[in-house]
Amino acid sequence: MRLESMIPSIPAELVAALDHSCGIRTDTDLLFSGSSLDIIKKLPLGTVTLSDLEKFTELVAKQASVPGHRGDEILAAIGRISEKHTQASCGVKELDDLVGSFGDSRVFEISGAKGSGKTALALQIVIQGLLADADSCVLWIDTSGDFSAEMTAQLVRYFDITVSNKVLERLQVSLGFNIEAVHDVLEALHISLSSSRTVGPRVRWIVLDSITPLLLPSLSAVSSQGHAMMTTFMRRLRELSQTFGITILVINGTSASAPFNQSSAFASTIRKPALGPSFTFMTDCTLWLSKMKDMPDSEGPFSVHVAEVFRSRATRSNTWCTFQIRHGILSSTSDL
């Protein structure tokens, strides 16, 4: 921090004298250039008194230091966030148990091939959350323009037709076709959540559908710029999640994995999550979905899917379960 930024808390004449006579321009220079007595000897006579210099040095140290927090205060704050953000369910017990529920301040990666159920799962999670918490809302960031309002309304009516309109009012959809546009959306959200004047439902879920077209074009084997961009973006998501108690669902595409994906329990899995091997360590859980088969039925055809946890901070990794999707709605295969 430059001392110029602390004017007028520190007199401009003193800042200029410290620069010209002592070469002291920043907080680091002032705090580690010797004692106040050593510094005052180098200053022109009458520039400042010793007691005032010590007072200004103390002010700089206080401004430059990180506020301290006791462990019990941090634990209490986390508890308050958890109370506000209850454990969320997707409506399929086996899936909830697999990841330890879809609530809390966590960032989930949901990956899988097209038709594996990624968007359907994310949509069902947030709809269930909106129905369970009338004071919550969802920010859905659509990066491809494929968000289906019709499918969303149909899903809400299926679970609770009496409150469908009120629930849909609390689902906000923003378009973001490039990383800069998404950064703008997140910055606006951060400002809104930080404001003490914010009233009404608060954002408890963010869905990014999908992250792949935002970051993949910038990734390169010969340059680290794209990786740095990805790291910065994911850190921003984690900061939002931890600061405001938000669950973030990041939908990711796939890339080839020859001859098969070694993280999967099934040798038939020949795809893997996109964006490289380091991306999985930027989230709290990597959930991989795959479609097994289509099934005919008198009540309408349905498909059977597998969900695998490739990596998780909260539950066991390398575990899996099955679920079914009928008319866009996820349910347990035990209902078969």
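A pocket, as meant here, is an open set of grid points where a 1.4 Å probe fits, with protein on both sides within 12 Å along at least five of seven lines. Keep that in mind for this tour of a predicted model.

**Stop 1: the largest pocket.** Start with the largest pocket, whose volume is about 490 Å³. To find its middle, select Lys118, Thr119, Ser144, Asp146 and Asp209, the closest to the centre among the 24 residues that line it. Now colour the lining by class: you should see twelve polar, eight nonpolar and four charged residues.

**Stop 2: what builds the lining.** Next, select strand 5 (247-252) and helix 7, each of which supplies at least two residues of the pocket's lining. Which element gives the largest share of the lining? That is helix 7, with four residues.

**Stop 3: along helix 7 to its neighbour.** Keep helix 7 (residues 118-132) selected and add helix 8 (residues 149-159); their axes come within 10 Å and cross at roughly 50°. An angle that is neither under 35 nor over 145 degrees, and not from 65 to 115, counts as oblique, and helix 7 and helix 8 are therefore oblique to each other. Turn the view a little and look at the handedness: the crossing of these two helices is right-handed.

**Stop 4: the contact itself.** Show side chains for Leu123, Gln124, Ile127, Gln128 and Leu131 on helix 7, then for Met151, Thr152, Leu155, Val156 and Phe159 on helix 8; these residues make the contact. How many of them are nonpolar, polar or charged? Seven are nonpolar and three are polar, while none is charged.

Technical notes
Residues numbered from 1 in each chain as written. Predicted model: local features only at pLDDT ≥ 70, side-chain atom pairs only at ≥ 80, totals over all residues. Heavy atoms only, no water. Axes fitted to C-alpha atoms, helices over the stretch in contact; angles between N-to-C directions. Left-handed = near helix turned anticlockwise from the far one by under 90°. Contact = heavy atoms within 4.5 Å. Nonpolar A, V, L, I, M, F, W, Y, C, P; charged D, E, K, R; others polar. 1 Å grid on protein atoms, 1.4 Å probe; cavity = no way out; pocket = protein on both sides within 12 Å on 5 of 7 lines; lining within 4 Å. Points joined across faces, edges and corners; volume = space filled by probe spheres on them.
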